Structure formats: structure tokens, C-alpha cells
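Subject: Handover of a structure

Dear colleague,

Please find the structure below, followed by an account of what was found in it. I would be grateful if you could read the account with the structure open beside it.

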Amino acid sequence: MAECLFCKIAAGEIPAEKVKEADDWIAFRDISPQAPTHILIIPREHIATLNDIEVGKEALLGKLFLAAKQIAGEEGIAESGYRAVVNCNADAGQAVFHIHMHLLGGREMGWPPG
Ligand code: 5GP
Ligand code: ZN
């Protein structure tokens, strides 16, 4: 999508601190980190929200979880713990409408989230 911030980051048109990438996803550090480790994992394909995922995308979405596991290990937070979060629409505070998984760790987190 031409006007999507995360599509532009995925295409390398807007700079980001890239952590890891594969053919169909990319992971980069959040510009406003909410924890010592705060990484966003996104599919290269533009999917606006969790409401827009479709049958057939299971493998792609599963790869985001595998990426989270792998990156958590590399960031040294796998054993201490981390959170993988997907915000959907207004009540969850979604601000960028290209689906993304937040990988947060490196500190204790409260539950329930605010
Ligand atoms: P959401 O609220 O949509 O779940 O999360 C969007 C996230 O994207 C926020 O945590 C925000 O800090 C991050 N973000 C917004 N703009 C940029 C940007 O230009 N670069 C990077 N790396 N992160 C961004
Ligand atoms: Zn997009």
C-alpha cells in the first residue's frame, strides 16, 4: 500500500533499525520503546488489522510467532519472559494499520494491560 508507513519500512523507503528479516516478514525496533526490548514484527504483505486476516494466511502468521521466539532468544529474554502483542483497532490503541506483533521484554510487566 502506497501510503502505509510499515509497507514503506518493509520496502526500505523509510529507515528503521532492522533486527532480522526473511522473505515474507521483517522485524525492527520500535521508535518509542516501552520496554528494554521492544521490537515490531510485521509481514511484508499489507494486512491492516487482525480483523482482516484470512484463511490461507496461517503459515505467514505462524512465521511471526516463530520469529518472535527466535528473536526473544537472541535478545536474551526467552527465559526471563516476554510478551507478544497484536493490538486491533481503537480500543486496543492500534495506531498503525499494518498488522504487527509487538515483542516486549527485559522488564516485569503488569497484568491486565492498561
Ligand atoms: P500500535 O499502537 O499500532 O499497536 O503500535 C504502533 C507502534 O509503531 C508504536 O509502538 C509506535 O511507537 C511504532 N512506530 C510508529 N511509527 C514508527 C516508525 O516510524 N518507526 C518505528 N520503528 N516504529 C514506529
Ligand atoms: Zn502496509
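**The largest pocket**

The lining of the largest pocket receives at least two residues from each of H1, E2, E3, strand E4 (82–85) and strand E5 (101–105). Please note that this is a predicted model. H1 makes the greatest contribution to that lining, with 3 residues.

The largest pocket holds about 670 Å³ of space. It is lined by 32 residues, and those closest to its centre are Asp30, Gln34, His38, Leu40 and His102. By character, the lining of the largest pocket consists of 17 nonpolar, 10 polar and 5 charged residues.

**Ligand 1 and its surroundings**

What takes up the space of the largest pocket? That space is occupied by ligand 1. Around ligand 1 there are 17 residues, of which Asp30, Gly93, Ala95, His100 and His102 are the closest. The shell around ligand 1 comprises 8 nonpolar, 7 polar and 2 charged residues.

Helix H1 (5–10), strand E2 (25–29) and strand E3 (37–43) each contribute at least two residues to the shell around ligand 1. The largest share of this shell, 3 residues, belongs to H1. H1 is also the element that gives the most to the lining of the largest pocket.

Which atoms of the protein lie opposite the nitrogen and oxygen atoms of ligand 1? Three pairs may be listed:

- A polar backbone atom of Ile31 is 3.2 Å from a nitrogen atom of ligand 1.
- A polar backbone atom of Gly93 is 2.9 Å from an oxygen atom of ligand 1.
- In His100, a polar side-chain atom lies 2.8 Å from an oxygen atom of ligand 1.

On its own, ligand 1 has 520 Å² of accessible area, and the protein covers 81% of this.

**Two points of backbone geometry**

Most residues other than glycine have a negative phi, and most peptide bonds are trans. Two places in the model are therefore worth noting against that background.

The peptide bond that joins Trp111 and Pro112 is cis, with an omega of about 5 degrees. Pro112 belongs to the segment after E5, and E5 is one of the elements that supply the lining of the largest pocket.

Asn89 is not a glycine, yet its phi is positive, at about 65 degrees. This residue, Asn89, is part of helix H3 (residues 89–92).

Yours sincerely,

A colleague

Definitions and conventions: Residues are numbered from 1 along each chain as its sequence is written. Chains are lettered from A and ligands numbered from 1 in the order in which they are written. This is a predicted model: local features need pLDDT of at least 70, side-chain atom pairs count only at pLDDT 80 or more; totals for chains, interfaces and linings use all residues. Side-chain values use heavy atoms; hydrogens and water are left out. A residue is near a molecule or strand if one of its heavy atoms lies within 4 Å of it. A polar contact is a pair of N or O atoms within 3.5 Å; within protein, one must be able to donate a hydrogen and the other to accept it, and residues adjacent in sequence count only if both atoms are side-chain atoms. Accessible areas come from the Shrake-Rupley method with a 1.4 Å probe; for residues, only the protein chains shown count as cover. On a 1 Å grid over the protein atoms alone, a cavity is a set of points where a 1.4 Å probe fits but cannot get out, and a pocket is an open set with protein on both sides within 12 Å along at least five of seven lines; lining residues have an atom within 4 Å of a point. A molecule sits in a cavity or pocket if more than half of its atoms lie within 2 Å of its grid points. Helices (H or I, at least four residues) and strands (E, at least two) are DSSP runs, numbered from the N terminus. Ala, Val, Leu, Ile, Met, Phe, Trp, Tyr, Cys and Pro count as nonpolar, Asp, Glu, Lys and Arg as charged, and the others, Gly among them, as polar. Grid points are joined across faces, edges and corners, and a volume is the space filled by probe spheres set on the points.
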